[in-house]
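Me: I have a structure open and want to check the words people use for it. Take me through the reasoning, term by term.

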Amino acid sequence: MLFLFFLQMIPSDLSQAKEDGNGVPANAKRSKPEDQGEQDAVLRPVKLSRTELYKPPTVEELNQLKEAESLFHCSLLKMQMEELLKEVALSERRKKQIDSFVKTVTEALQSVPSFPKVELGDLSWLAGSVKVPFIMMPAENAGKFQMAPPASVDLIGSYPLGTCIKPRITVDLAVTIPAEVLQTKDDMNQRYPRKRALYLAGLAQHLSSSAEIGSMRYSCLHGNRLRPLLLLTPSGKESSNFTVRLHACLPPGYFKPSRFHPQRNNIRTKWYTESPEPPTPHYNSSVLGDMLPRAHLQFLSAVSSQCPAFAEGVALIKVWLRQRELDQGAGCFNGFLASMTLAYLLSKHRVNNNMTAYQLLRNTLHFLATTDLTETAITLARKPDSTAPSLPEFQDAFQVVFVDPSGHLNLCAEMTECTYKQVQHEASLSMQFWDDATVNGFHALLMTPKPLERTSDHIFQLLELVKLQASCKKLKLLSELMDHSGNYVRTMLPYILSLLQQGLGQRILLLTHSLSPDPEWTVEAEPPKHKAQPPLSFGLILRPDYAASVLERGPPADSPKAAEFRKLWGPRSELRRFQDGAITEAVLWTGESACEKRLVPRQIVNHLLQLHADIPESCVRYVGAMMDDVIQMKESLKVVQSYDDLSRKLWRLEGLPLSVTAVQGAHPALRYTQVFPPKPLKLDYSFFGKEKSSRSLLPKEGKPCPVYIEPITVVCHMEGSGKWPHDRVAIRHLKAAFHLSLGELLTKEHSYTCRPCPTHLDVWKEGYAFRVHVAYHREPQVLRESVGPDGLLVVRDNEAAQALELATVHRPLLTSTLHGLQQQHPCFGAVCRLAKRWLGAQLLSDDIREDAADLLVASLFLHPAPFTAPSSPQVGFLRFLRLLSSFDWRNNPLVVNLNSNDSGWLAPPRNDFVAGRDSLPVMFIATPSDKKLSLWTKREPSVQMMQRAVMLAAESLKVLEPQLKDGTQIQDVKVAMRPPLDAYDVLIHLLPKQVPLLKQAVDPPLVVFSRGTEAGKAGTPGGAMPVIDYNPVALYLSELRDSFGDLALFFCDPYGGTVIAVLWKPKAFKPVPFKVSADAGEQAHSVPNVEAIVEDFSVMGKDLVRSVEARTERWSV
């Protein structure tokens, strides 16, 4: 994976320390004195006179300013592009190393010894342990072979063209096989590919004696087994800096290109199988590709000579492709294709020769986004000869068609339709984000990696690829298998993709697949078999509106398409009558909960592969809901329905002195983001004791802690009126009176059990506890007002007013906004729940609060660049970890535009942030209603806890992503949820019996405690009021912080955690002066008694604390 870094606005003394391409600091000592002198000259300050300093800009400078203004969103983007190009370009020192090594290899190749002619299958001339990089199947083949020095050795590819970039530096050498080695019929039956492989083996045998060559390995060009390569690296310290690839090529014009027409056959079936002779377009393209590398280099050199920015434009395109993992592997969109695409645009005058690299990149992406090469073929051939195939003939043979300047070779012969669709999709997304002024296009599109597991909503892999061999036979793909020279994986891939595309249909936005990496093996080893390839990975980007549908409605029973539908779905298809009276074919998938419905695509994939390709479900590893078990996916729809009902009843209450103007929810459950949504409870009254005066249930001593009933916060706004007093105490008394009145009316009219309090009203309704707060819109203002000593009214902000405004204004507004976001993106709530469960498990939930976590996740859906918005909890959670670990919190605010219709407010928060950074929170989140303060992160996290959160998020990604990609690893996603406790000084272990949320733990114990509930639906309205919001763990934690907060930090997982971790503050036990009176003589010092403090932990937590583990080896007093 490419991680590119650039330096912005670096001071001159620091910029000299930047490493050049070979990893040596530019200001390191050089052996040559002139280099040192030149460096000193660079560092010497330049003195300018006043006239020179303030002279008007030149015409060139004005043109640069105008260009930056017209082409870029800002001048910073122009500087970023320039720095990126400098960063990926090869240094002069690296070029000298490459040229020296290429010269050494070329000289060594000229001295290759000759061997007499032998039969093609006779390998006796190949001494030593060097193997041939080719699978000789079928083994028998006619023809002669002899070893001879190459006719020529030439540089080809990106290096001579100037488009080679870091970090993977590869230099291509075309080694021309002499004509005497070849025969006129070598184009038939794999004779030439075998001779090519034998010639490479001969070269490897000869070069193995060279001391200047470090390592030698075989590989294949873009995974094509017919085109093996010999990889060379220099010896010594430079061995890992670059690789030279030897391509054995045909002499120019040795075969007529017309012999490799896509509709011609060059593998006789009597030699391979016993079926009719079909065309072999892929085999033909492989051979033809070895005839044209020099011609392609000449063509690209001519084009680039006319366009000064050609090399830089190609470099930017290659960076863009590399970040999307599209430039490596079988059938990839490689750098050569990128160069040819840009050459095509220049030849067709789609771009101008005078354009900048940035303009070339934008226009190339626009072309890729708007041109579908699977439908419309393009060609670079201006006047192809009469024997060249026509574009329709190319389209009959290949899925993607881009014809080279000769008119005979399809450059995209190995590319699948899905790969090009992925390129198109990525280009379209990039153009969309680049034109959005609110998105940092440079960072999103050129600096952010997009691996498959972070891009796709669902991923699945095909294991045991050897089974595809039998699939080829079942589907009668033997002709295609012969064309691909026995590579059954490449043969089956287009069919599997077409089948899945047809079956998944409108459920998916895009179907992608991994590009099998180019295999590499030592020259002493046999070439790997096809079954040795890594599992094929597929990615699904889902359409949230259709992906979870359990019904696949087909054509009417009497339609001609009904037979095709039945053929596709097999026995799963059946006739059904619908409410509109139509009788159609249909397929019904299983799924009741939202979690099960999200996995309908898995049912479709397994069914189609089993039915049509005989690939059993055991060979399909589907990864779409790995994280669901962590939070026991349940929906919070019932609690929202109960709240809506209560809201309507509060609106309709009559007999109040003032009317209700608004009822707003202010609880995560009402925006679908609570980690464990409250369930309706049916109480077991025998478990509790009763308090007679208030008809309340009380926990009995000796029994486990009763079930935790979390109150659902509801804010009830009363109308403004002159009846409201202007005194803060009087307002509180009036609100308490409203709580009494509301409780009486709800009890009288709806038989709800209510308990009024001065600050709120608790309502027990349908097994849920609602906590209603009466709000008066002017109360925060009243709290800010006070009368000064001079009798004047003073308005001053204070914490009480801010807290009240947060609870009655901002939080209800946030809840309603995020509730709307959930309606647009059905998996938003599930991603929030996973994110907050992770924060809780890592003991960070007191530092990144629920509201802040919800806003972090909301940014992934509202500002998904460079991705699409997540459509599965799994990928959303991975992106949350990526955001937390990689966002530049020190230098940028996280702007969350909850009002997508208005983007005009986005610039001021960024400007204000830069101006006042030192006084702002560590994590700054700006929203339309909170542009300057970051209310949700104003107090926490601290700098230290933010650093820990960033570190833990990065480590969790390292644990989770390999599990998604590699099925051989231990599949336990809960590893990312288990906190490391080694860093803490004291661990307080709690009694599981007294932890009411024990079932929510990451690893819940097998022992189950009765907590005073019964199975079944909640009872009728009325009954005794249970104990609400009683969590002994939270109360104990609060007491610890109140008592010892100046000495230690306390951490606990709020979701069933049975350990409280304690970390002493660095200055907690330093001696401090102890003063008894002003007349004290000798100065005394006091130190906290750590043993007594640890003992107090147990005393304060009597009947709750099981043991206290003091890790004395970690600290000393």
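Reply: Start with the whole chain. Of its 1117 residues, 52% count as buried. This is a predicted model. The chain comes to 36 helices and 36 strands. Its C-alpha atoms fill a box of roughly 110 × 90 × 60 Å along the principal axes.

Me: What share of the contacts in the chain with a separation of 6 or more comes from residues 24 or more positions apart?
Reply: Such residues account for 72% of those contacts.

Me: Why is E799 called exposed or buried?
Reply: Exposed takes over 50% relative accessible area. E799 has 54% relative accessibility, so E799 counts as exposed. E799 is found in helix α29, residues 799–824. The C-alpha atoms of E799 and L783 are separated by 9.5 Å, and the two residues are 16 apart along the chain.

Me: How do you know that the span of helix α8 agrees with the expected one?
Reply: Helix α8 covers residues 191–207, which is 17 residues. At 1.5 Å a residue, α8 should span 24 Å. The end C-alpha atoms of α8 are 24 Å apart, so the two values agree.

Me: What makes α8 mostly covered?
Reply: The cut-off for buried is under 20% relative accessible area. In α8, 17 of 17 residues are buried.

Me: How does the reach of helix α26 compare with what is expected, and what covers its buried residues?
Reply: Helix α26, residues 637–651, has 15 residues. From first C-alpha to last, α26 reaches 21 Å, close to the 21 Å expected. The buried residues of α26 are V639, V640, S642, Y643, D645, L646, S647, K649 and L650. Their cover includes strands β18 (660–665), β22 (712–718), β24 (761–765) and β25 (768–775). Helices α27 (728–750) and α29 are also included.

Me: Why is α21 called oblique to α24?
Reply: Helix α21 (residues 488–504) and helix α24 (residues 600–613) pack at about 130°, with axes 10 Å apart. Roughly perpendicular runs from 65 to 115 degrees, and roughly antiparallel takes over 145. The angle fits neither class, and that makes α21 oblique to α24. The crossing of α21 past α24 is right-handed.

Me: Which residues meet there, and what are their classes?
Reply: From α21 come M492, Y495, I496, L499, L500, G503 and L504. From α24 come P601, I604, V605, L608, L609, H612 and A613. By class, the contact of α21 with α24 has twelve nonpolar, two polar and no charged residues.

Me: What makes α22 and α24 roughly perpendicular?
Reply: The axes of helix α22 (residues 562–569) and α24 come within 8 Å and cross at roughly 95°. That angle falls between 65 and 115 degrees, so the pair is roughly perpendicular. K567, L568 and W569 of α22 make the contact with I604, H607, L608, L611 and H612 of α24. Those residues divide into five nonpolar, two polar and one charged.

Me: Why are α13 and α14 called roughly perpendicular?
Reply: Helix α13 (residues 335–347) and helix α14 (residues 357–370) pack at about 95°, with axes 10 Å apart. The range is 65 to 115 degrees, so α13 and α14 are roughly perpendicular to each other. T341, L342, Y344 and L345 in α13 meet L360, N363, T364, F367 and L368 in α14. The contact of α13 with α14 has six nonpolar, three polar and no charged residues.

Definitions and conventions. Residues numbered from 1 in each chain as written. Predicted model: local features only at pLDDT ≥ 70, side-chain atom pairs only at ≥ 80, totals over all residues. Heavy atoms only, no water. Helix = DSSP H or I, 4+ residues; strand = E, 2+ residues; numbered from the N terminus. Expected span 1.5 Å × (residues − 1). Buried < 20%, exposed > 50% of the residue type's maximum accessible area, 1.4 Å probe, protein only. Axes fitted to C-alpha atoms, helices over the stretch in contact; angles between N-to-C directions. Parallel < 35°, antiparallel > 145°, perpendicular 65-115°, else oblique. Left-handed = near helix turned anticlockwise from the far one by under 90°. Contact = heavy atoms within 4.5 Å. Nonpolar A, V, L, I, M, F, W, Y, C, P; charged D, E, K, R; others polar.
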